[in-house]
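Colleague: I've got this one open and I'd like to learn how to read it. Could you walk me through it, feature by feature?

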Amino acid sequence: MEQRDDMQVEITRTETGDTARIGGAITVHAVTRLRAELSRLPPDRPLTIDLAGLTRLDTAGAWALAMLRDRRGALAIRNAPPQAEALLRTVTEALPKPVAATPRSRRLSDQVERLGRAVAEAVGFVLALSGYLGLFIARLGRSLRRPSQFRFTALVHHCEEVGVRAVPIVALMAFLIGVVLAFQGATQLRQFGAEVFVVDLIAISVLRELGILLTSIIVAGRTASAFTAAIGSMKMREEIDAMRTLGLDPAMVLFVPRILALLLMLPILGLIADVMGLVGGALMAWIDLGISPAMFRTRLVEAADAGQVLVGLVKAPVFALIIGIVGCHAGMQVESSAESLGRMTSNAVVTAIFAVIVADALFSIFFARIGL
Amino acid sequence: MSVPPDHDTVISVRGLRNAFGSHVVHEDLDVDLRRGEILGVVGGSGTGKSVLLRSIVGLQPPGAGSITVLGTDLLTADETRRTALETRWGVMFQDGALFSSLTLRENVEVPLRAVPGLDPQIRRALAELKISMVGLPPEACSRYPSELSGGMRKRAGLARALALDPEILFLDEPTAGLDPIGAAAFDRLIRNLCGSLGVSVFLVTHDLDTLHAVCDRVAVLAERKVLVTGTMQQMLEVDHPWVHAYFHGPRARAARGVDNQIGA
């Protein structure tokens, strides 16, 4: 095995110059030691390297010898076997010219420039998203005028993917939220003897806020990533370019069915979440506080009306648009590499969830202002 | 073909059998790679050229047969012997198979990191030397694979395969997907590097020009085994229908014509 360093260096010093006899194998395993041994010799004296005892020379060894020749003027290499000679020549020719690295600038003006670029990029991103919203609405309008262009089968398929398949996870999540709210609310309200108001707590928070918000967050995680991955992998394999050359409009074929499916399904999912949240809350209230389902119902009707449900569900189409547009836009940003597909998919999820929460906050302020 | 492998044979495959389910790819396949030669392996699509390469480097455990590389029987060797052997060969995959999270120089440094006690500065310099030897500009060192063209990725894959000065080099379709000028330059590069580094090369290819320009011998895979081995001249005299069609087709004649002109 040529794993070991079996190089011998023997140095003789005379008045006219130094001679280094190097025997054995000068390989990558020996090169660190070779450099150390030869660097001890004074560089201003002529040096002769005798390779008579050489058994093997690899590129690393040849590199060390070539660098030595590069650094000191008076260097003679003697008795090199022809193959070693050839390798030395090849390596000497290939020696890379040292390039000065440009240091990264840390001046204040550069920091400001970077900040400016980041802001411009963010603005550009928001503009691009609103461009996609416009594109979606325009294509939706066109498919209303010319229904034959509309892909009904694709819509049904995406409704199943986005809606029906999300029912179990959304229902379970909402049920557990109801349970947690009832339990936590009961512990706090019991201190004031106001246990029965746990029904108000559950009704208001689930119907107005949590039902639709948490559903949207789950759907953003499930669906925005799926949109990006599907559209992105088509982009990667040039399928989208192929569509364009065949006269198909990617927005019509890919975006409209997906976003429309989300628009139709998210309110339904939100309604399912509302119901399951109330069921979970009622169950916990019954077990923990002894509020019977009948009593829960009576109190529920007093505490909340259809308006509360509407305030919650009216947000659903907006969230659906946000999730769908973010997902489709991210998919179209995928480049030809698999890394960019992965990066854009996780970007899409983060952006969609963030945008949904921001929109929800804006809705809360809006409803508070108009007194709903 | 049952001659015992002599000491100038670096790879010796005997009676290899590879099958995926009921689909037999190789049956009783023998092939030899001699020291210092460039062996071109050709065959139609689906004849298992890449599977043969993968079997030899241990990525695809064969059903039966023996594979001896540099005197070590791969199928019976223990872990330490295999690991020692793996530093003595280099593999270049079709698209380079570079690590996408590392720059080019870091990619070439990966095999060098296995060398104990190698000074990091020397390691960097050696990686840069290898990158320069395969004909890439110094600026390419700090680029990531996704920022390079296909041809540059192939060269970088070659630089990584050559990082430890292997005794055997495996090349999988080195010129596939390159333009004719790039492919010819790559052929010259392989020829020159192998001449000066003294490597034995196992080259899987479809490219008739590469066969003419680079290979010392050619092995033809057909009917689940290596049908014939020999020089390009000998290939022209084989009268097996597939071999004849391959080496006498219009593309083969064109490649030969170009070769003759260069040779003249």
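Modeller: Sure, and let's start where the chains meet: 20 residues from chain B and 23 residues from chain A make up the contact. Keep in mind that this is a predicted model.

Colleague: Which element gives the most to the side of chain B that touches chain A?

Modeller: That's α4(B), with 7 residues. Both α4 and α6 (180-197) of chain B supply at least two residues each to that side. By class, the side of chain B that touches chain A splits into 11 nonpolar, 6 polar and 3 charged residues.

Colleague: How do the axes of helix α2 of chain A and helix α4 of chain B cross?

Modeller: The general idea is that a packed pair of helices is described by the angle between the axes and the distance between them. Here, α2 (residues 59-71) of chain A and α4 (residues 120-133) of chain B have axes that come within 11 Å and cross at roughly 100 degrees. An angle of 65 to 115 degrees counts as roughly perpendicular, so that is the label for α2(A) and α4(B). On the α2(A) side the contact is made by A:T59, A:A60 and A:W63, and on the α4(B) side by B:A125, B:L126 and B:L129. That contact has 5 nonpolar residues, 1 polar and no charged ones.

Colleague: Now the sheet in chain B. In what order do its strands run?

Modeller: In general, strands of a sheet pair through backbone hydrogen bonds, either parallel or antiparallel. In chain B, 6 strands form an open sheet, ordered β6-β7-β8-β3-β9-β10, with mixed pairing. At the edges sit β6 (89-92) and β10 (225-230) of chain B, each pairing on one side only. From one strand to the next, the twist averages 15 degrees. For a single pair, take β3 (residues 38-43) and β9 (residues 217-222) of chain B: they run parallel and are joined by 5 bridges. B:G43 stands opposite B:L221 in β9(B). Helix α5 (residues 150-161) of chain B lies across β6 and β7 (168-172) of that chain, at about 165 degrees to β6(B).

Colleague: One residue to finish: is A:A352 buried or exposed?

Modeller: The cut-off for buried is 20 or more other C-beta atoms within 10 Å. A:A352 has 28 C-beta neighbours inside 10 Å, so A:A352 counts as buried. This residue lies in helix α13 (residues 338-370) of chain A. Leaving aside neighbours within four places in sequence, A:A352 is in contact with residues including A:A220, A:A224 and A:I322. A:T223 is 129 residues away from A:A352 in sequence, yet their C-alpha atoms are 9.8 Å apart in space.

Technical notes: Residues are numbered from 1 along each chain as its sequence is written. Chains are lettered from A and ligands numbered from 1 in the order in which they are written. This is a predicted model: local features need pLDDT of at least 70, side-chain atom pairs count only at pLDDT 80 or more; totals for chains, interfaces and linings use all residues. Axes are lines fitted to C-alpha atoms, for helices over the stretch in contact, and angles run from 0 to 180 degrees between N-to-C directions. Helices (H or I, at least four residues) and strands (E, at least two) are DSSP runs, numbered from the N terminus. Angles under 35 degrees count as roughly parallel, over 145 as roughly antiparallel, 65 to 115 as roughly perpendicular and the rest as oblique. Two residues are in contact if their C-beta atoms, placed from the backbone, lie within 7 Å. Ala, Val, Leu, Ile, Met, Phe, Trp, Tyr, Cys and Pro count as nonpolar, Asp, Glu, Lys and Arg as charged, and the others, Gly among them, as polar. Two strands pair if DSSP finds at least two bridges between them. A residue is buried if 20 or more other C-beta atoms lie within 10 Å of its own, exposed if 12 or fewer, and partly exposed in between; C-beta atoms are placed from the backbone.
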